[in-house]
Amino acid sequence: MVRPMSKRRAKGRLPPFVPMLRGTLKAAAWRALSVGARATFLVLKANYNSNAQNAVFLSSRAGAKELGVCKDTVCKYMHELEHYGFIVEVQGAHLGVTGEGRAAHYRLTDCPHARSEER
């Protein structure tokens, strides 16, 4: 069976992917991370918008659902990433105006960030 050709063809465009720098993968800190912390970093990196260069967030419940672990384990992985310097907290977790909890926002240290000030 021959598939019909679409009107618009992807000319040289790549499908969506999560880029990882080879220098990051070769770093001693990356090798010191647990497997869960590495997976959490990939989830955070997948949520990063390179055009907006904004901070990323991952709530413990959403991370638990994504990774298939307990929400306390996701918090441990986030602290581990922060300890080894892969992420920096830009805005802390807080309750929103409506009383809903808001997750902390993090800056990925190997990606450009729009706000240059550091906390």
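From the N terminus on, the elements of this chain follow the order α-α-α-β-α-α-β-β-β-β. The model is a predicted one, so keep that in mind as you work through the exercises below.

**Exercise 1. The chain as a whole**

Task: Find how many helices and strands the chain has, and what percentage of its residues count as buried.

Solution:
- Start with the elements: there are five helices and five strands.
- Next, take burial: 27% of the 119 residues count as buried.
- Finally, look at contacts between residues at least 6 apart in sequence: 52% of them join residues at least 24 apart.

**Exercise 2. Two packed helices**

Task: Describe how helix H3 and helix H5 pack, and decide whether H3 is roughly parallel or roughly perpendicular to H5.

Solution:
- Two numbers are needed here, since packed helices are described by the angle between their axes and the distance between the axes.
- Helix H3 covers residues 35-46 and helix H5 covers residues 71-83; they pack at an angle of about 85°, and their axes are 9 Å apart.
- Angles of 65 to 115 degrees count as roughly perpendicular, and therefore H3 is roughly perpendicular to H5.
- On the H3 side, the contact is made by Gly36, Ala37, Thr40, Phe41 and Leu44. On the H5 side, Tyr77, Met78, Glu80 and Leu81 take part.
- Sorted by class, the contact of H3 with H5 has six nonpolar residues, two polar and one charged.

**Exercise 3. Two residues of H3**

Task: Work out whether Ala37 and Thr40 are buried or exposed, and which residues they touch beyond four places in sequence.

Solution:
- Ala37 is found in helix H3. Its relative accessible area is 0%, and buried means under 20%, so Ala37 is buried.
- Setting aside residues up to four places away in sequence, Ala37 touches Tyr77, Glu80 and Leu81.
- Ala37 and Val74 are 37 residues apart in sequence, while their C-alpha atoms are 8.1 Å apart in space.
- Thr40 also lies in helix H3, and Thr40 is buried with a relative accessible area of 0%.
- With neighbours within four places left out, the contacts of Thr40 are Leu58, Leu67, Tyr77, Met78 and Leu81.

**Exercise 4. A charged pair**

Task: Count the salt bridges, name the residues that meet in one, and say where they lie.

Solution:
- The idea to begin with is that side chains of opposite charge can pair when their charged atoms come close.
- The count comes to one salt bridge.
- Its partners are Lys45 and Asp110, whose side chains meet at 2.9 Å, N to O; the cut-off is 4 Å.
- Lys45 lies in helix H3 and Asp110 in the segment after strand S5 (105-108), so the pair ties together parts that are 65 residues apart in sequence.
- Now check accessibility: Lys45 counts as buried at 8%, whereas Asp110 counts as partly exposed at 22%.

**Exercise 5. The cysteines**

Task: Find how many disulfides the structure holds, and whether Cys70 and Cys111 count as buried or partly exposed.

Solution:
- The structure holds zero disulfides.
- Take Cys70, which is in no disulfide: the nearest cysteine sulfur belongs to Cys75 and is 8.6 Å away. A disulfide needs the two sulfur atoms within 2.5 Å.
- Cys70 has 43% relative accessibility and counts as partly exposed.
- Cys111, at 12% relative accessibility, counts as buried.

Note on methods. Residues are numbered from 1 along each chain as its sequence is written. This is a predicted model: local features need pLDDT of at least 70, side-chain atom pairs count only at pLDDT 80 or more; totals for chains, interfaces and linings use all residues. Side-chain values use heavy atoms; hydrogens and water are left out. Axes are lines fitted to C-alpha atoms, for helices over the stretch in contact, and angles run from 0 to 180 degrees between N-to-C directions. Helices (H or I, at least four residues) and strands (E, at least two) are DSSP runs, numbered from the N terminus. Angles under 35 degrees count as roughly parallel, over 145 as roughly antiparallel, 65 to 115 as roughly perpendicular and the rest as oblique. Contact means heavy atoms within 4.5 Å. Ala, Val, Leu, Ile, Met, Phe, Trp, Tyr, Cys and Pro count as nonpolar, Asp, Glu, Lys and Arg as charged, and the others, Gly among them, as polar. Buried means under 20% relative accessible area, exposed over 50%, partly exposed in between (1.4 Å probe, protein chains only).
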